[in-house]
Amino acid sequence: MSKDKVYIFDTTLRDGAQTEGVDFSVSEKVKIAKALNDLGVDYIEGGWPGANPTDTDFFNTPQKLDKSIFTAFGMTKKLGRSAENDPGLSPILNANTKAVCIVGKTWDFHVDVALGITKKENLENIRETAKYFIKNKREFLFDAEHFFDAYKSNPNYALDCLKQAYEEGARWLVLCDTNGGTLPNEVGEIVYEITKTIPGKNLGIHAHNDTENAVSNSLAAVLAGARQIQGTINGLGERCGNANLMSIIPSLFLKKSFSDKFELNIKKEKLASLTDCSRMLDEILNRTSNKSSAYVGASAFSHKGGLHVSAVQKDPKTYEHIDPKLVGNHRNIIVSDQAGKSNILSRLEKYGIKIDSKDPKILRILDEVKDREFSGYSYDGADASFELLANRLLGKVPEFLKVESYSVTVEKSDKLDTKAEVIFLIDGEKIKCTGKGNGPVNALDNAIRENFSKVEKYSGYFSDLKLVDYKVRILNTGTEATTRVLIESTDKTGVSWFTIGVSPNIIEASFRALIDSLDYKLFKEKAPANIKLNAK
Ligand SMILES: [Zn+2]
């Protein structure tokens, strides 16, 4: 039985870009478009040419897209002007994309209230706009704004709007749940009704996530007959977001009720790039990735409970709905207080640390982890510190940064002045680093980072190091409070690592997490040891 094709339309660069706090530059848009093309989505909506300088520049920037159809977005023509003379349409045509996606009203309430024109005039605007682009050899997509609300309010009029574009030769009629309030059962019913007039192979779905159902609504639409899904990377979009393609694409491939009936132009092996694709967007947005994202989140295949861990080690299917590798993710066995020997073993295996399961050093690592957890450490979210600790106990980490002393002074006169000094002992030589900051931790960080060049032996390793996030938690109250600091760092590889420091003193806790981060970077890049010191 031949399978029906489902087309994927990405609107990260248009609808996603409308999110609060998101402001893509042209070069970021180019990078995202390249990743989407590599993934193999059918359409990439680049933005709205003529609507703002970034989008106009982006459409003027040559793109090498060999798998995806580059698409310009716009709005139907205005009343009282012909399509040819509408200044809103010419930049869209001049963008010279193979396809255009044009949004128009289908909800009578919006036609009356927002546009203030007659229903008939709105129908003409849709028809004339479709005719104009199709005459000019563009593949035409009509984004039927608020379609589901429109259909509930006035089904005949909503359908009439679709027909205007369809009869002129539109390739796609995209049913938009613009306000995101429709539920999957309603989407299924309405899409099915529409297929009685317009073939499903011409219908698309554009769902927003205001009831947390954008993914479900997209899948329901496909089951009811639609053959194009519009969405964004990580569900980026205004309010509660758009349909998340990072969840939709793997479900289409890996869930039998879809994979038996449908196929995509995306190659199956490209699924393994989804996790990277998701993280790339977070990197560009400088956002911490959502750990609990379906399929691609860091915790999507994490196991902590002792029973779960031992079952997963017998057969991962016991607690995993798919093999994480299929989407480029990986299994994560979390080390915690309840951790047993097997847990430590699989964690070591994850870092490629080969050790005989009877080696007594395993118990040393386990004891050390337990002791530290008792004093307030938690390696759940501090992979890099765990990896360093285990390797140190196995004698595999040479000494890198030897700190002889550090000090911080805070002085308040007219203004608050914070200075820090760190003295490293590298190859037997004292290296003094000083710096200022808006607080003690910032001053220490600056003292080290602004003087990396003085630590000649290691300076090259630190040039691309970035501290992404710094979190402080007070573990108990009163004067004996213990502070736990978690630092997230990254470098040009885009991979993040997490380090932890615990102490009753917040500065000491921060300093430990900071030095662990630097040591981890040196360790992972196999930097030379602090030799003269070790030779002593
Ligand atoms: Zn939208």
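These legends describe close-up views of a predicted model.

**View 1. The zinc ion and its protein donors.**
Three residues supply the protein donors of the zinc ion: Asp15 through OD, His206 through NE2 and His208 through NE2. They lie 1.9 to 2.2 Å from the ion. Along the sequence, the donor residues follow the spacing D-x190-H-x1-H. Asp15 and His208 link distant parts of the chain, 193 residues apart. Asp15 sits in the loop between strand S2 (7-10) and helix H1 (26-39). His208 sits in the loop between strand S8 (203-207) and helix H9 (214-223). Asp15 and His208 are both buried.

**View 2. The closed barrel.**
Eight strands close into a barrel, in the order S2-S3-S4-S5-S6-S7-S8-S9, with parallel pairing. On average, neighbouring strands of this sheet are turned by 25° against each other, direction ignored. Where do S2 and S9 come together? They pair in the parallel sense, over 4 bridges. Phe9 stands opposite Gln230 of S9.

**View 3. Strand S8 and its two partners.**
Is S8 enclosed or open to the outside? Of its 5 residues, 5 are buried, so the strand is largely enclosed by the rest of the structure. Both of its faces are covered. Leu203, Ile205 and Ala207 are buried on one side. Gly204 and His206 are buried on the other. His206 is also a zinc donor.
One partner of S8 is strand S7 (residues 172-177), joined to it by 5 bridges. S7 and S8 run parallel. Val174 stands opposite Gly204 here. Strand S9 (residues 228-231) is joined to S8 by 3 bridges, and these two strands also run parallel. The bridge partner of His206 in S9 is Gln230. Gln230 also stands opposite Phe9.

**View 4. Crossovers on either side of S8.**
Two β-α-β units involve S8. One is made by S7, helix H8 (residues 184-195) and S8, and it is right-handed. The other is made by S8, H9 and S9, and it is right-handed too. H9 borders the loop that holds the zinc donor His208.

**View 5. Helix H7 against the barrel sheet.**
H7 packs on the sheet and touches strand S5 (99-105), strand S6 (139-145) and S7. The direction of H7 makes about 175° with that of S6. The helix covers residues 155-168, which is 14 residues. How far should it span? At 1.5 Å a residue the expected span is 20 Å, and the end C-alpha atoms are 21 Å apart, which agrees. Buried residues in H7 are Tyr157, Ala158, Leu159, Cys161, Leu162, Gln164 and Ala165. Gly169 follows the helix, and its phi is positive, near 110°.

**View 6. The open antiparallel sheet.**
Here 3 strands form an open sheet in the order S13-S14-S15, with antiparallel pairing. Strand S13 (403-412) and strand S15 (429-437) stand at the edges. Each has a single partner strand, so one side of each is left without a neighbour in the sheet. Neighbouring strands are turned by 15° against each other on average, direction ignored. S13 and strand S14 (residues 416-426) pair over 9 bridges in the antiparallel sense. Within that pairing, Ser407 has Glu421 of S14 as its bridge partner. Helix H19 (residues 506-524) packs on this sheet, touching S13 and S14. The direction of H19 makes about 135° with that of S13.

**View 7. Gly381 between two helices.**
Gly381 is found in the loop between helix H15 (361-374) and helix H16 (383-393). Is Gly381 buried or exposed? Its relative accessibility is 17%, under the 20% limit, so Gly381 counts as buried. What does Gly381 touch? Not counting residues up to four places away in sequence, its contacts are Lys291, Leu486 and Phe498. Glu488 is 107 residues from Gly381 along the chain, and their C-alpha atoms are separated by 9.7 Å.

**View 8. Ser346 in helix H14.**
Ser346 lies in helix H14, which covers residues 341-350. With a relative accessible area of 13%, Ser346 is buried. Leaving aside neighbours within four places in sequence, Ser346 is in contact with Gln313 and Ile333.

How values were computed:
Residues are numbered from 1 along each chain as its sequence is written. This is a predicted model: local features need pLDDT of at least 70, side-chain atom pairs count only at pLDDT 80 or more; totals for chains, interfaces and linings use all residues. Side-chain values use heavy atoms; hydrogens and water are left out. Donors are N, O and S atoms within 2.8 Å of the metal (3.2 Å for Na, K and Ca); water is not among the atoms, so sites may look incomplete. Buried means under 20% relative accessible area, exposed over 50%, partly exposed in between (1.4 Å probe, protein chains only). The expected span of a helix is 1.5 Å times one less than its number of residues. Two strands pair if DSSP finds at least two bridges between them. A crossover is right-handed if, with the strands pointing away from the viewer, the path from the first strand over the helix to the second runs clockwise. Axes are lines fitted to C-alpha atoms, for helices over the stretch in contact, and angles run from 0 to 180 degrees between N-to-C directions. Contact means heavy atoms within 4.5 Å.
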